[in-house]
Amino acid sequence: ERGPTLESTHPLALGPVTAPPHTVDGFVKEFLRELNYGQGVPLSRSSLNDQYMALARTVRGYLTARWLETATRRRQSPHKMVGYLSAEYLLGRQLDNALLATDLSAIAEEAMKVCGLELDALRQAEVEPGLGNGGLGRLAACFIDSLATMDAPCVGYGIRYEYGIFKQTFVDGRQVEVPDNWLSMGGPWEIAHPEMEVPVHFGGHVERATADDGRERCTWVPDWSVLGIRYNVMVPGYQNGVVNTLRLWRAIATRAFDLDIFNAGDYASAVRSQTVAENISKVLYPEDSTPQGKELRLQQQYFFVACSIFDFLKHTQPTDLDVRELPERIIFQLNDTHPVIGIPELMRLLIDDYDLTFEEAWAITKQCFAYTCHTLLPEALEVWPVSLMERLLPRHMEIIYQINEVFLAEVREQFPGDELRVRRMSIIGDHPERSVRMAHLATVASVKVNGVAELHSQLLRDKVLADFSEMWPEKFTNVTNGVTPRRFVRQANPFLSKLITDTIGVGWVANLERVRELETYAEDPEFRAKFREVKAANKTRIAAVLERRDGILLPEDHLLDVMVKRLHEYKRQMLKLLHIVTLYEGIISGDLDPATVTPRTVVFGAKAAPGYRMAKEIIFLINSVASVINNDPRVQGKLFIAFPANYNVTLAERLIPAADLSEQISLAGKEASGTGNMKFALNGALTIGTDDGANVEIRKLVGDDNFFLFGMTEPEVADLQARGYRPTEYYESNEKLRRAINLIDSGHFTGGNREAASMVIGDLLYNDRFLVLADYQAYLDAQAEVEAAYADQEAWSRSAILNVARTGFFSSDRSMRDYINRIWHIQTGF
Ligand code: 4GP
């Protein structure tokens, strides 16, 4: 970064000061200093929040020294870097991760003891920054963790939402959303730079004039603006001394803007304009996989990419940067279509500010972006009405038209006479209204387009973006998702981590493929016994967490069957619920001898988008079924359902290590990848799953014997739908299914109120877009296999160990290596 140059020759002015000493004494001193001078309280009068803030700041101090070093080193030797553009980062708690990265956990624990405090209590005081919805946001957080661990030059760019993903509560079994004011207690992990403001403009019109050289020049005359304020969050690598940056933008009103109105004497309006500006970074849209096309959302998207690109060009690069060299300096990775407006933004800057021709700018821009798609649902591909785009970003709309013109000329040249194809591929769609198809724009402008699991990438090529892959086959590639082993094994599962380290040494944390060395231990009865002890300890731990957090009393010694993910019809929580109701109905009707039933606790965790009616009805139904089953003495000791509210990263970290069975039961061809599936397997749960997303790769790696596969394949699904799917046929021909559905429909779970489940049941019987009924019997059969397998604990443990040993592939370090080698072509470790 450029900043003022100081003349001082004092050695401390020249470079970063060294980190405080890695000793208990050193840590205590730093901690007390933060408490006294930072929080302004003596230890004896400090609150829990004071102590947490001081502890966080202490750890941040250790990070800062490394952060400055990393930045200095990168500045001295500028190489091509990655700008990871993502509207979401679902970070989870920071403290533990920072302690692990700096190898300070033991020291901090000791130091807190010296101060009469308990590290664990302070850990609990942290509010997790939920700046994301689900898979896509959590993936971004895993990726930046891995990039730091690999010492890769990367800045993550995003939005500093004042309110993250809502807090879910249940009132009479129904989801009620509460705002997530995560910053209310102070944000110790960020460093604000209010002086680094970036102007971002909206609205207005475009003026054109012919310059002396005969070329037309455009000037965008916007009619309102906001400022982007920079917040830096440190992203530590794992015990390698590297700290990268996550740069989040907050919107505030421009001072000039306020002043004009204020001078005109309208104080109220001046304040109102401030509100309009600040709304932009106020709240995360709580949609997952389904964009809802709100104007504020487009404002957010443009706001953060405009800030980020400006920041890169004006602050990260040397002043004499020749923009023609941009492709050697930067690759912007588009995390889904949310940041795609960055493409016309870079074009605009190159043409209007750097005075390049359209052709020159296009040649550069096309080398500076790569696009990751995260979906297969056609309705999830973002489109923006042309009318909105023209009103909010008139210059960008013109540029998009120009890009489209050049692109469609290319299509016509390659496929002469095929106007249908031209219409299909156009960046501008006509139905139901004229709109910009962001996925098309992204594909046209990117060096590479990738899906997030093999099957997903294949379906992108064959279906969603088939015309594009025909035109540019080499543009399409796959990078299978991954998860960070630091957070999701090392931190989340200390018992398993210790067992692994005791067995194969420490190297696995930064080189997860090494867990393969555990494979031979699957045959060792002593190791298996230890492995079971780990699982049991994790179950005890989650029981304590759920009791404290939700007042839920988990039964002991049950098979722990877990389905945690966003609530979506395609993910088929209803299939899981039908299985539960079938077991229950079997027992109470006397058809099923309870003695033959494996005692099972099913844990659900799921938020529904607040506007997603059906998803909210399903949540209500799950809660209704849970309250009846949990209170019915006939199934006591056999069946229990827990649905803790507000599933988040923190809960995931406790729950996943305890699970025996991982539910990954989406309709084949709908789940792009899934990443929860990877976390479960790595923590020794067995998967019951369809041939969908990354399940396919998990099964290939762990082996058929260690995975419960069921359900239709994607081609079978397509075939059934083409033939005409009639769910009632399944209802009529399958007695168990009929009885389960009838029991729900009778009002048994809803206090006799039949209406209460009618929306869900009606949809299952007469629509069932995601073929729940068609896969029901196969799912029951697979669950019977689960029970049989679980009865042999030795064999089960063997399979669970093999799941851990064979899934090292799913480290996000490997995903990052794939991006680096095949998409970004950047160097690490310089
Ligand atoms: C999710 C996909 O649904 C999930 O399959 C995938 O694993 C994840 O992205 C990361 O690639 N999509 C979203 C979203 O979270 O908001 O579209």
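Trainee: Is Asn646 buried or exposed?

Mentor: Asn646 counts as buried, at 12% relative accessibility. Keep in mind that this is a predicted model.

Trainee: And where does Asn646 sit?

Mentor: In a loop, with strand E21 (639-642) on one side and helix H25 (649-655) on the other.

Trainee: What about the phi of Asn646?

Mentor: Phi is positive there, about 60 degrees, even though Asn646 is not a glycine. Asp103 is another non-glycine residue with a positive phi of about 60 degrees.

Trainee: Which elements flank Asp103?

Mentor: Helix H4 (95-102) and helix H5 (105-114), with Asp103 in the loop between them.

Trainee: Staying with backbone geometry, which residues does the cis peptide bond join?

Mentor: His431 and Pro432, with omega at about -5 degrees. Pro432 belongs to the loop that runs between strand E15 (428-429) and strand E16 (435-437).

Trainee: OK, ligand time. Which residues come nearest to the ligand?

Mentor: There are 14 residues around the ligand, and the nearest are Leu136, His374, Asn481, Glu671 and Gly674.

Trainee: How does that shell divide into nonpolar, polar and charged?

Mentor: You get 5 nonpolar, 7 polar and 2 charged residues.

Trainee: Which polar side-chain atoms should I look at around the ligand's oxygen atoms?

Mentor: Try Tyr570, where a polar side-chain atom is 3.2 Å from a ligand oxygen. Asp288 also has a polar side-chain atom by a ligand oxygen, at 3.3 Å.

Trainee: What does the backbone of Ser673 do there?

Mentor: A polar backbone atom of Ser673 lies 3.0 Å from an oxygen atom of the ligand.

Trainee: So how much of the ligand does the protein bury?

Mentor: The protein buries 94% of the 400 Å² that the ligand exposes when taken alone.

Trainee: Why do we say the ligand lies between domain 2 and domain 3?

Mentor: Because both of them give residues to the shell around the ligand. Domain 2 covers 78-92 + 128-479, and domain 3 covers 503-711 + 774-810.

Trainee: New topic: how many disulfides does the structure hold?

Mentor: The count is 0.

Trainee: Take Cys307, then. Why is there no bond to the closest cysteine sulfur?

Mentor: That closest sulfur is in Cys154, 17 Å from the sulfur of Cys307, so the two are too far apart for a bond. The cut-off for a disulfide is 2.5 Å between the sulfur atoms.

Trainee: Is Cys307 buried or exposed?

Mentor: Buried, with a relative accessible area of 0%. Cys115 is buried too, at 11%.

Trainee: Let's do helices. Where is Val702?

Mentor: Val702 is in helix H27, which spans residues 695-702. Val702 is buried, its relative accessible area being 0%.

Trainee: How far is Val702 from Leu12 in space?

Mentor: The C-alpha atoms are 54 Å apart, and the two residues are separated by 690 residues in sequence.

Trainee: And which helix holds Ala543?

Mentor: Helix H22, residues 525-550.

Trainee: Why does Ala543 count as partly exposed and not buried?

Mentor: Its relative accessible area is 22%, and buried means under 20% while exposed means over 50%, so Ala543 falls in between.

Trainee: What separates Ala543 and Ala270?

Mentor: Along the chain, 273 residues; from C-alpha to C-alpha, 53 Å.

How values were computed: Residues numbered from 1 in each chain as written. Predicted model: local features only at pLDDT ≥ 70, side-chain atom pairs only at ≥ 80, totals over all residues. Heavy atoms only, no water. Near = heavy atom within 4 Å. Polar contact = N/O pair within 3.5 Å; in protein donor to acceptor, adjacent residues only side chain to side chain. Areas by Shrake-Rupley, 256 points an atom, 1.4 Å probe, with all protein chains shown as cover. Nonpolar A, V, L, I, M, F, W, Y, C, P; charged D, E, K, R; others polar. Domains from an automatic or database assignment. Buried < 20%, exposed > 50% of the residue type's maximum accessible area, 1.4 Å probe, protein only. Helix = DSSP H or I, 4+ residues; strand = E, 2+ residues; numbered from the N terminus.
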